[in-house]
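Please walk through this structure with me, starting from a single side chain and working outward to the whole assembly.

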Amino acid sequence: MTKRTELIITYVLLVIFSFFAIYPIFSIFLLSLNQPNTLVIGTKLPNPISLQSYIAAWVRGGFGRSIMNSMIVAVSVVALATFLSIMIAYSLGKMNFPGRTFIYYYFIIGIIVPYQATIIPLYYQFKNLGLINTYWAFILPQTAGSIAFGAFWLRGFFLTFPDELVDAGRVDGAGPWTILWRVIVPSAGPAILAIAAILFIWTWNDLFIAIVMGQSHDMLMAPASLAFFAGTVKGEDLPIIAAAAVLTAIPVVLIYIFLQRQYIEGIVAGSINK
Amino acid sequence: MIKAPTKADLHVKKAMPGLNAIRRYAVDKVLIPYLFLLPGLIMYTWFTIIPVINTLLLSVYKWDGILPATPVGFGNFIDLFTNDTVFIGSFINALIFVIYYTIIPIIAALFLSVLMTRRRIRGLTAFRTILFVPNTLALVVVAIAWRWLYLSDGPINQILKLIGLGFLARPWLGDFNVTLHAIGLVASWVAYGLPMVLFIAGIQKIPRDLYDAARVDGAGAFREFLHVSLPGLMTELTVVASLELIYAMRAFDLVFTMTRGGPGYSTYTPALSMYLNAFQYGMVGKGSAIAVIITLINFILVLLVNLTIGKRGEG
């Protein structure tokens, strides 16, 4: 087999695989462009192209509210978890103190523990506090669930930050707080952006916390809303569900388009570098 | 005149630290590091670690979530493994899911990553980005898309009829024999992305001269893969295998959105029966016991993988 034919076969295979990766998403997008209450069968194309299903999902399905809920929760979780992770990573990565190894492994537990292991007591705790159906019930557990990975991930990055720069800052009379926010963090921009993107996508996509903590229609996150909505509708409403699915996917797709390199490389680094 | 400290002076200083030195140590080496840790530590302990311990405690009670709980020892666990056919079924389903969450994605990812690194590919990043898309979307969105593809009169059956394979057409999500596998294939479609990007990064780290040497020896693509790429990917393989096994054990979103465990109980997973027991059937203790089992399996898998990687040393 010559180099040329091998290359051609490679490209053909990659295009075929890419088609399979994209087609299900593309087909749901096409479906969403149909008018609501049309029975769409098989591979038929939308005719005429209409945005009515989006309006129906946004207004009638209450998706506007769900998207806003998800946005509030995801942005809060990312801000809070990134901030706390930076401080933990700084302490674990750039300081020497008794108990450091223990604390490190203490946080590692959080990477392995699934939400299934925490959700039942969390639900009753928030219920007793009267916080079910408030944003706290989503933000606090998901922040706690994100800190372990965020700190672990950023620690790996901070470890490689040159000690000389930290020492130089100290000689200039800067305290640890100033060194962190004025010396280390500004140079760690891409890494912090990557972890923020990863945490945003994970928080946004979460279904488990969302269906347990959101008990009223007003407090559904977008994925939960989508899952419940899909369980109740009939065939003619398919374009509306499709539109709701596209709306749910848009923020993640946007972040992915703009930060795909950082996102993918961040995932790679987080999985391998122990 | 400033006198340079002699060795003896330093020795004395080390042996009898002054109050200042102790205070400095306490501030620099204890207070400050822990002050930075504290907010995150509180948050994480309160909303992750303590709930884990409480789940463990709840798992030895019988509790409906309202009335006082009664302790039952290991009763919930014994009941799950001896009487609860739905849970046992869900556990078997999780084992079947291992094929779709772990084996198929890893094979597909090995194939794709070799394909993308064997020769200089133009647009490598673009292909990688496109092929990783299924992995980024919410599983609920993925589930909605595939529910539609799998409909009785949906695109998949239409295409099957079009190409003369109409006898294969069936209600993919309403058939006791195939639905679990239909969902499993969706899981594979999602799960190959992570091993793929890890393997691509892994292969790019393997020294090129190993490949050149193999080619000089006349090794074909397959032998090159077997003798150079695969041995170089052992760390990635173990990490990915453990992650994907964990995902198989935690599987929830796809079945919840696509079938709610149906038809019958044929697509129940441990996470789904945990959710239903704890939040729908008022069997909080039993739900906690399932949560404990899922978590234990997660920890055992991670431990096994770390031991395997640890054994391989720095290689």
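Val185(A) counts as partly exposed because 16 other C-beta atoms lie within 10 Å, and a residue needs 20 or more to be called buried. The model is a predicted one. Val185(A) sits in helix α8 of chain A, which covers residues 176–187. Once neighbours within four places in sequence are set aside, Val185(A) is in contact with Ile86(A), Leu180(A) and Ile192(A). Ala57(A), by contrast, is 128 residues from Val185(A) in sequence and 41 Å away in space, C-alpha to C-alpha.

Helix α8 of chain B offers another valine to look at, Val186(B). Is Val186(B) buried or exposed? Val186(B) is buried, because it has 23 C-beta neighbours inside 10 Å and the cut-off for burial is 20 or more. Its contacts, leaving aside neighbours within four places in sequence, are Val142(B), Trp146(B) and Leu254(B). Ala21(B) lies 165 residues from Val186(B) in sequence, and the C-alpha atoms of the two are 62 Å apart.

Next in sequence is Ala187(B), whose contacts, not counting residues up to four places away, are Phe97(B), Tyr100(B), Tyr101(B), Ala251(B) and Leu254(B). Ala187(B) also belongs to the largest nonpolar core, which has 182 residues. Within that core, Ala187(B) is one of the residues that touch the most other members, along with Ala244(A), Ala245(A), Ile144(B) and Ala251(B). Helix α12 of chain A, residues 238–272, supplies the largest share of this core, with 16 residues.

Now consider chain A as a whole. Its secondary structure consists of 12 helices and 0 strands. Of its 274 residues, 47% are buried. The C-alpha trace of chain A spans about 70 × 70 × 30 Å along its principal axes. Among the contacts in chain A with a separation of 6 or more, 75% are between residues 24 or more positions apart.

One backbone detail in chain A is found at Asn133(A), where phi is near 70 degrees, a positive value in a residue other than glycine. Asn133(A) lies in the loop between α5 (119–128) and α6 (136–159) of chain A. It is partly exposed because it has 18 C-beta neighbours inside 10 Å, below the 20 or more required of a buried residue.

Where do the two chains meet, and how many residues does each contribute? The contact takes 73 residues from chain A and 72 residues from chain B. On the side of chain A that touches chain B, 54 residues are nonpolar, 18 are polar and 1 is charged. For the complex, the predictor gives an ipTM of 0.93 and a pTM of 0.92.

Chain B has a mean pLDDT of 89, and 92% of its residues score at least 70. Among its elements, helix α8 (residues 179–191) has the highest mean pLDDT, 97, and helix α1 (residues 7–15) the lowest, 51.

A helix pair in chain B can be described in some detail. Helix α4 (residues 85–117) and helix α12 (residues 234–250) of chain B pack at an angle of about 145 degrees, with their axes 8 Å apart. The crossing of α4(B) past α12(B) is right-handed. On the α4(B) side, the residues that meet α12(B) include Phe97(B), Tyr101(B) and Pro105(B), and on the α12(B) side they include Val240(B), Glu244(B) and Tyr247(B). Sorted by class, the contact of α4(B) with α12(B) has 12 nonpolar, 1 polar and 1 charged residues.

Further along chain B, the loop between α13 and α14 holds Arg260(B). Arg260(B) is not a glycine, yet its phi is positive, at about 55 degrees. It counts as partly exposed because it has 14 C-beta neighbours inside 10 Å. Pro263(B) is also placed in the loop between α13 (253–258) and α14 of chain B, and the peptide bond from Gly262(B) to Pro263(B) is cis, with omega near -5 degrees. Helix α14 of chain B, residues 270–279, is mostly covered, with 8 of its 10 residues buried. Among the buried residues of α14(B) are Pro270(B), Leu272(B), Met274(B) and Tyr275(B).

Technical notes:
Residues are numbered from 1 along each chain as its sequence is written. Chains are lettered from A and ligands numbered from 1 in the order in which they are written. This is a predicted model: local features need pLDDT of at least 70, side-chain atom pairs count only at pLDDT 80 or more; totals for chains, interfaces and linings use all residues. A nonpolar core is a set of buried Ala, Val, Leu, Ile, Met, Phe, Trp, Tyr and Cys residues joined through C-beta atoms within 7 Å. A residue is buried if 20 or more other C-beta atoms lie within 10 Å of its own, exposed if 12 or fewer, and partly exposed in between; C-beta atoms are placed from the backbone. Helices (H or I, at least four residues) and strands (E, at least two) are DSSP runs, numbered from the N terminus. Two residues are in contact if their C-beta atoms, placed from the backbone, lie within 7 Å. Ala, Val, Leu, Ile, Met, Phe, Trp, Tyr, Cys and Pro count as nonpolar, Asp, Glu, Lys and Arg as charged, and the others, Gly among them, as polar. pLDDT is the predictor's confidence in each residue, from 0 to 100. Axes are lines fitted to C-alpha atoms, for helices over the stretch in contact, and angles run from 0 to 180 degrees between N-to-C directions. A crossing is left-handed if the near helix is turned anticlockwise from the far one by less than a right angle, and right-handed if clockwise.
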